[in-house]
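The following exercises concern strand pairing and residue environment. Please examine the model shown here before reading each solution.

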Amino acid sequence: LPNDYAGQTLLRSDGSVYLGMVDLVSHARLIGDSLHIYETFSTGGHAAAVDAEDRLVFGVKGRGLVKRKDGRTTVDRRFADLGPDEVFILGDGRTWVTSHEFVYVLENDVVHTLKKISGVAIGSVGTIFTDRERNVWMSKSGGGLNRLRPKHIEVISPETGFADFQIMCGMEDHIGGLWIGTWVKGLQRRKSPGGPFERVRL
């Protein structure tokens, strides 16, 4: 690999992967015990996602939302001046793009801007994911974990019993349990809605 830091791994439908590193992404496949790298290119250090067409999607400030597959690149320049940072593509097909201040949602080729949650500015976002009920979960620095659904927002923060608000990643399992990876308090699991979070010892 070009360097020793692997920050993100994204799986393509053909079994190959995108490996995210500092400022770089490599398209690779494991063949036997060896990792075969097809190409390596610069992303400017931004987290990325894979869309339904197996394109790697990432944001570059001053350039826009970049989509790349097998050496071919397209750019959505509507995001060029918005300071795109991380990109999340959810199960419903919507693309969520974070910046230092706001979150942008690309739906049916229309860009929507989300500026606040419950009257509080969004700021830096750690992760965005969906659950089986298509609720959107979003973590943000200093604001805990937020569940967004029509006409209701649930905020889970240290004040409401959550162990740590520096959330790096999250997902829902097949029985509705919520798994959260945190910066300080390790892996946390909530077995059922409304229940407590408990640290998972590995």
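An open sheet of four strands has the order β19-β20-β21-β22, with antiparallel pairing. The model is predicted, and local features need pLDDT of at least 70, side-chain atom pairs count only at pLDDT 80 or more, while totals for chains, interfaces and linings use all residues. Residues are numbered from 1 along each chain as its sequence is written, and side-chain values use heavy atoms, with hydrogens and water left out.

**Exercise 1.** Identify the edge strands of the sheet β19-β20-β21-β22 and describe its twist.

Solution. Step 1: fix the terms. Strands are DSSP runs (E, at least two residues), numbered from the N terminus, and two strands pair if DSSP finds at least two bridges between them. Step 2: find the strands that pair on one side only; these are β19 (167–172) and β22 (197–200). Step 3: from one strand to the next, the twist averages 25°, where axes are lines fitted to C-alpha atoms and angles run from 0 to 180 degrees between N-to-C directions.

**Exercise 2.** Determine how β19 and β20 are joined, and which residues are bridge partners.

Solution. Step 1: five bridges connect β19 with β20 (residues 178–182) in the antiparallel sense. Step 2: G170 has I180 of β20 as its bridge partner, and I167 has T182 of the same strand. Step 3: the hairpin of β19 and β20 has five residues between the strands, and G176 takes a positive phi near 90° there.

In general, strands of a sheet pair through backbone hydrogen bonds, either parallel or antiparallel.

**Exercise 3.** Carry out the analysis for the sheet β5-β6-β7-β8.

Solution. Step 1: this is an open sheet of four strands with antiparallel pairing. Step 2: β5 (48–50) and β8 (72–76) are the edge strands, each pairing on one side only. Step 3: the twist averages 25° from one strand to the next. Step 4: the antiparallel strands β6 (residues 56–60) and β7 (residues 64–69) are joined by five bridges, and V66 in β7 is the bridge partner of F58.

**Exercise 4.** Characterise the surroundings of T113 in strand β12.

Solution. Step 1: T113 belongs to β12, which spans residues 110–114. Step 2: T113 counts as partly exposed because its relative accessibility is 42%; buried means under 20% relative accessible area, exposed over 50%, and partly exposed in between (1.4 Å probe, protein chains only). Step 3: leaving aside neighbours within four places in sequence, T113 is in contact (heavy atoms within 4.5 Å) with F102, V103 and Y104. Step 4: V103 is ten residues from T113 in sequence, and their C-alpha atoms are 6.0 Å apart in space.
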